[in-house]
Amino acid sequence: MAGPVDYAYVENLREKLRQYNDAYYDKDAPLVDDYTYDQMLRELERLEAAHPEWADPESPTRIVGGRALSTFSKVSHEVRMESLQDVFSIEELRAFLTKTSADTPIEWVVEHKIDGLSVALEYRDGVFYRGATRGDGTTGEDVSANLLTMSSIPKRLAEDPPSRLIVRGEVFMSDRSFTSLNESQEELGQKLFANPRNAAAGSLRQLDPKVTSGRDLSLFCFNVQLVEGRKFATHLESLEFLAANGFPVIPVSDAVIDIEAVISAVEAIGAERGRLSYGIDGAVVKANSLAVRETLGSTSKFPRWAAAYKFSPEQQETRIRDIIVQVGRSGKITPLAVLEPVTVAGSTISRATLHNEDFIEEKDIRVGDSVIIQKAGDVIPEVVRVQTDKRPAEAVPYAMPQVCPACGSVVIRREGEAASYCTGANCPAQRLRRLIHFASRDCMNIEGLGPANLRVLVEKGYIQSLGDLYRLPEHASELERLPGWGKRSVTKLLEAVEGSKKNPLERVLTALGIPQIGTAAARVLAKAFPDIWALAEAEADMLQTLPDIGATSAQSIRAFFDSPDNLSVLREFAQFGVNLTSDTYGSGEAQEELPWSDLRFVVTGTLESMSREEAEAKIRSLGAAAQSQVSAKTSFVVVGAKAGSKATKAAALGIPTLDEAAFLDALQNPATLSAREI
Ligand SMILES: [Zn+2]
């Protein structure tokens, strides 16, 4: 250790850690490795604990600048983060208000009940100290680093702040941000979020704050949990104080005493809720006077001075004019009902999602049908049921289109999935995602062509099809003038594009994004065919005789090469000199060298760390077969949360199961699995 351990030493340590944080977090260029950083941070924590007189609310130990954490630390809430008693009808609400104000009239305020994630933000001497999730109300998780990425959270309060302040708020995601997050998740082939609430929770509980900072989270504060060195008489006064200090504050009504006026305010929120830019699941009524709150106190579960009125999802009847399909960025074909416009919860609805072919079939939804629709927590309304008694005589069962409306390529359903997908390599609806996949490391591995640059190239019109990638040299001088590109990076990029032409055939096959065909299957195909043209001619029956190629894969390969569009992409590749010839042709069975080549897996239930498709892709990439049904021949069943009949069947057949942890472990060390169990 250099020099004596004194205040100057500690300050020096803090200064260094701040620099490292800046470099890592803001400039994305780490100055030290994680281990060294952690050691220094730990030393600082130790010194601060031993010398409370050296404490600094802005110390890097308090405000983590953005390092990825391995786990969240626990926070005990000094003031319990209570939940509210729910009321589900106006009668119940009226009864609550009447009973509570039976002795003395009470001033009430009404607020939106945001459907998000509750957090407590603590400030010491006017500086952000810590932010934690609600957890079970008593203990939450320290998510300070993630909260600090949100620009709406004040890092410092105005002059003359209270010595301590704990504010409660709700972190949420607006409908618009939710939609665009899911679009980009789809583009990158990542899991979609079910609704804005899940998206907000998933974004806030990220171990890497960089992920959180890329998510558009919002905040509304709605309560002062604790304040030292200042006094408030009413709730409204405390909210005014929060607003003056830069906190985004929940929309709130004036204080009213008349119970019917309170009820009108609640109903008014219900009537306009469909027009808000964010989801609310109710309205909260609270006593305004903090003294009254004190007197009323809490039961063991809830405060007696507040209640949450929960809106039931509003349903409306309307008629289906037409059923159309939308092509997502992953090529997924989603059917939508075009409705006679109808007002639901204050907003006009003219579309409803029909999810997929199975959903339509199960509910037997037809064009011309009268249907009940509702808008619940989700952004897009859905069809609840068909009024079959009102069905017009000419209505016929709906059939999904056989070809993609965006590009005309064949539409297929993947094994075990309800969704349908377009197979076109040049489908304009999925252009960007196709390009990202094509250039990615496991595919053509073109350095410098990541999602951000590809997005620019597509937006500027330089790339419309996969073939256009190899036309980029024609635009070299224009590319150099793009903001932030420059001659050197363009030269490097074009070299990488040129270099990718020499990639082995298996990489090209993976890069084309043929549904079901990952790295392992591409390797099999490259060994079975001398070049891509021979593969393009192969019959489905022949393809199915190859290892790791099942009926669905064979059908998918056929559909791909049957598309004239896809063939013209390949002809372009040939003209540009992209290698389409196999250098492994005839070199024996593909999977000999793969560790799991004699294993068969079934994945069931929900895995935390990846989707089922991702898990199956990993299984296949190690040479094993991923099956949809458990049979006596199954080697292992990977059992996630909420696993159903397949797990039961595995137990009945005595087939070994792997929980998620064991599965992840096996992926890391594939050899241990076959050696141990087989
Ligand atoms: Zn298409």
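This is a short walk through one chain, from its domains to a zinc site, two sheets and three loop residues.

Keep in mind that the model is predicted. I'll begin with the layout. The chain splits into five pieces: domain 1 covers 7-65, domain 2 covers 85-310, domain 3 covers 315-390, domain 4 covers 421-576, and domain 5 covers 594-677. Between the C-alpha centres of domain 1 and domain 4 the separation is 45 Å.

Next, the metal. Which residues hold the zinc ion? The protein donors are the SG atoms of Cys404, Cys407, Cys422 and Cys427, at 2.2 to 2.5 Å from the ion. In sequence, the spacing of these donor residues reads C-x2-C-x14-C-x4-C. On geometry, the donor atoms subtend angles of 96 to 116° around the zinc ion, and the arrangement is tetrahedral because four donors qualify when all angles lie between 85 and 135 degrees. As for accessibility, I have two of the cysteines to report. Cys404 has a relative accessible area of 2%, so Cys404 is buried. Cys407 comes out at 22%, and is therefore partly exposed; the cut-off for buried is under 20%.

Now the first sheet. Four strands make an open sheet, ordered β5-β4-β7-β8, and the pairing is antiparallel. At the edges are β5, residues 127-133, and β8, residues 218-228; each has a single partner strand, so one side of each has no neighbour in the sheet. On average, neighbouring strands here are turned by 25° against each other, ignoring direction. If you want one pair to look at, take β7, residues 164-172, and β8: they run antiparallel and are joined by nine bridges. Within that pair, Gly169 has Cys221 of β8 as its bridge partner.

Two helices go with this sheet. Helix α6, residues 196-204, packs on the sheet and touches β4, residues 117-124, as well as β7. The direction of α6 makes about 40° with that of β4. Helix α8, residues 235-244, lies across β7 and β8, and its angle to β8 is about 115°.

Staying in that region for a moment, the loop between β4 and β5 contains Asp125. Phi of Asp125 is near 50°, which is a positive value in a residue other than glycine. Is Asp125 buried or exposed? With a relative accessibility of 54%, Asp125 counts as exposed.

The second sheet is also open and has four strands, in the order β19-β18-β20-β21, with parallel pairing. Its edge strands are β19 and β21, the latter being residues 657-658, and each of them pairs on one side only. Helix α23, residues 645-653, packs on this sheet, touching β18, β20 (636-639) and β21. Relative to the direction of β18, that of α23 is at about 140°.

Strand β18, residues 600-604, is mostly covered, with four of its five residues buried. β18 pairs with β19, residues 625-627, in the parallel sense, over three bridges. Two positions mark the register: Phe601 stands opposite Ala626 in β19, and Val602 has Gln627 of β19 as its bridge partner. As a reminder for anyone colouring side chains, in a regular strand they alternate between the two faces of the sheet.

Last, two more loop residues. Asn445 is in the loop between α12, residues 431-439, and α13, residues 451-459. As with Asp125, phi is the point of interest: for Asn445 the angle is near 50°, a positive value in a residue other than glycine. At 39% relative accessibility, Asn445 counts as partly exposed.

Ser500 is located in the loop between α15, residues 486-499, and α16, residues 505-511. Its relative accessibility is 3%, so Ser500 counts as buried. What does Ser500 touch, not counting residues up to four places away in sequence? The contacts are Met444, Ile446 and Tyr470. For a distance in the same neighbourhood of the chain, Ser500 and Glu474 are 26 residues apart in sequence, and 17 Å separates their C-alpha atoms.

To recap three items for your viewer: the zinc arrangement is tetrahedral, the β5-β4-β7-β8 sheet has antiparallel pairing, and the β19-β18-β20-β21 sheet has parallel pairing.

Methods:
Residues are numbered from 1 along each chain as its sequence is written. This is a predicted model: local features need pLDDT of at least 70, side-chain atom pairs count only at pLDDT 80 or more; totals for chains, interfaces and linings use all residues. Side-chain values use heavy atoms; hydrogens and water are left out. Domain bounds come from an automatic or database domain assignment. Donors are N, O and S atoms within 2.8 Å of the metal (3.2 Å for Na, K and Ca); water is not among the atoms, so sites may look incomplete. Four donors count as tetrahedral if all angles lie between 85 and 135 degrees; four count as square planar and six as octahedral if opposite donors are over 155 degrees apart and all others between 65 and 115; anything else is irregular. Buried means under 20% relative accessible area, exposed over 50%, partly exposed in between (1.4 Å probe, protein chains only). Two strands pair if DSSP finds at least two bridges between them. Axes are lines fitted to C-alpha atoms, for helices over the stretch in contact, and angles run from 0 to 180 degrees between N-to-C directions. Contact means heavy atoms within 4.5 Å.
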